[in-house]
Amino acid sequence: MALVLCIAMTAAMVTGCSKNTDSVAAKQGNKEALNTIRIWHDGDKAMIQLMEDHLNEALSDDGITVKFEQKSGLTDQIKLYGSDEVNGPDLYMYAHDSLGMFVEMGALAPITDVIDKAVYADMLPMTLKAGIYKDAQYLMPVYFETLLFIYNKDLWEGEVPSTTEELYSYMKNHTDATAGTYALVNQHSTAYNVAPFINGFGGFIINEQAKSGLNDKKTMEAIEYNKKFAKLEADGDYNTVNALFKDGKAAAIIGGPWLISGVREANINYGIKSLCDFKLPNGHALVPYSGVQGIGVMKHAAETKKEAVEKVLKEIADPQLGIDLAENSRCAPANQKSYENPTVSKDEMIAAMRKTADIAQPMPNIPQMSVMWGPTESLLAAVNKSGKDLNNVADEYQKQAEIAIADMQ
């Protein structure tokens, strides 16, 4: 009996030790999981690596690990896994115009559920506005882009004009379509590239109430005004206008920072001017759309990893991250304090986008915007490429837009 009791007590002690060891391991594993933040993205690898290195170095003392994971078809991936705590991300980094769709899916939490507003107080107002949906701040802005006036200094004669009428006069005098040479080229039938005219005239493609504005009087004035420029800008196709500029057949192009690497490879001696430097006949400046790359928080992460997510967002708001992105990837930082660094403020392209940010409009982030590109560009093509009378076709494409919006309900 004594021997049996001894064996039983020994077994109990061993089992107890094993359970304690398992419990400690489980707690350690759970802590590690709670301190690992997965961020899905579809961005440039070098830029993302810079961000990951910056964040992990800054958060190493807190035991927090940030892992960026590139996903092709990010929108579809978030539709599938945005609310999946096991297989989905904790945060995501993406262009702001998809925000409304993700919020309506129920996948996101406002960042104010995790951080105080003071954390993002130094961000440019335009970049913050891009991340607001239904009066709640859902995105921490990182950097932004706008269209620019990019010109070949070796081909452009004299000063770049300060009004669109002076620009048009220059185009008439320096364009020879027969010879295949142009003063300025632009994607004249692409909605994003015509938006500076539409917004500058006070028109709109779609407003915050999800109302289409294709037959709005001011929108039509802008489209009609853009038409005379379109006649001098080749066919307006993306590949055509970029080839013309890089081949030295066009002295200037309206395009974004994504063109610059190709311009440099073509050894073009280029200069950059903000679109807001051009005044329309109504006295207002051209007002381009802006695309803002921001970080959003999944609901489950805001609830289960709040402390770690808070620290990650605070580091993303650090002006030094914006400086690093500007210096290494020529991104225009969302944080205003980043521009106090002379390297950032003296970069011609970044400075032009910073200037434009004061008047640029964030692309609409409501879900209905996704169905507006088609009708808008069909209208522009009808007017600029097929020679249709705007007054005869505006209502037709307005109706198409209204049907597409209604079908989303």
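The points below comment on the fold, the cores and selected residues of this predicted model.

1. Overall architecture. The protein contains 17 helices and 14 strands. Its C-alpha trace extends over about 110 × 50 × 35 Å along the principal axes. Of the 409 residues, 52% are buried. The accessible surface amounts to about 18900 Å², and carbon and sulfur atoms contribute 49% of that area. Among contacts with a separation of 6 or more, 76% are between residues 24 or more positions apart.

2. Nonpolar cores. The largest nonpolar core comprises 65 residues. The residues with the most contacts inside this core are Y92, L99, L108, F149, W156, M372 and L379. A further core of 37 residues lies apart from it, and M51, L55, I64 and Y143 are among its members.

3. Surroundings of Y92. Beyond its neighbours within four places in sequence, Y92 touches two other residues listed for the core in point 2, L99 and L108. The remaining contacts of Y92 include I39, W40 and I78, as well as F102 and L139. Y92 also meets a group of residues later in the chain, namely G294, I295, G296 and M298.

4. Glycine 131. G131 is situated in the loop that connects α5 (125–130) with β5 (132–133). Because its relative accessibility is 0%, G131 is classed as buried. Outside its neighbours within four places in sequence, G131 is in contact with L99, A136, Q137, Y138 and L139. L99 and L139 are also contacts of Y92. The C-alpha atom of G131 is 12 Å from that of V297, although the two residues are 166 residues apart along the chain.

5. Strand β8. Strand β8 covers residues 148–152, and five of its five residues are buried. In a regular strand, side chains alternate between the two faces of the sheet. In β8, L148, I150 and N152 are on one side, F149 and Y151 are on the other, and all are buried, so that both faces are covered. F149 is also one of the residues with the most contacts inside the largest nonpolar core.

6. Pairing of β8. Strand β8 pairs with β10 (residues 250–255) in the antiparallel sense, over four bridges. Within this pairing, L148 is opposite G255. Strand β8 also runs antiparallel to β11 (residues 270–274), to which five bridges join it. Here the bridge partner of I150 is I272.

7. Asparagine 193. N193 belongs to helix α7 (residues 191–200). With a relative accessibility of 5%, N193 counts as buried. The side chain of N193 makes a polar contact of 2.8 Å with the side chain of N186. Leaving out neighbours within four places in sequence, the residues in contact with N193 are L147, N186, Q187 and I254. Of these, I254 falls within the residue range of β10, 250–255.

8. Positive phi angles. Most residues other than glycine have a negative phi. Two residues merit inspection on this count. A210, in the loop between α7 and α8 (217–230), has a positive phi near 65 degrees. N267, in the loop between α10 (260–265) and β11, has a positive phi near 60 degrees. Their surroundings contrast: A210 is classed as buried because its relative accessibility is 19%, under the 20% cut-off, whereas N267 is classed as exposed because its value is 70%, over the 50% cut-off.

Key: Residues are numbered from 1 along each chain as its sequence is written. This is a predicted model: local features need pLDDT of at least 70, side-chain atom pairs count only at pLDDT 80 or more; totals for chains, interfaces and linings use all residues. Side-chain values use heavy atoms; hydrogens and water are left out. Helices (H or I, at least four residues) and strands (E, at least two) are DSSP runs, numbered from the N terminus. Buried means under 20% relative accessible area, exposed over 50%, partly exposed in between (1.4 Å probe, protein chains only). Contact means heavy atoms within 4.5 Å. A nonpolar core is a set of buried Ala, Val, Leu, Ile, Met, Phe, Trp, Tyr and Cys residues joined through side-chain atoms within 4.5 Å. A polar contact is a pair of N or O atoms within 3.5 Å; within protein, one must be able to donate a hydrogen and the other to accept it, and residues adjacent in sequence count only if both atoms are side-chain atoms. Two strands pair if DSSP finds at least two bridges between them. Accessible areas come from the Shrake-Rupley method with a 1.4 Å probe; for residues, only the protein chains shown count as cover.
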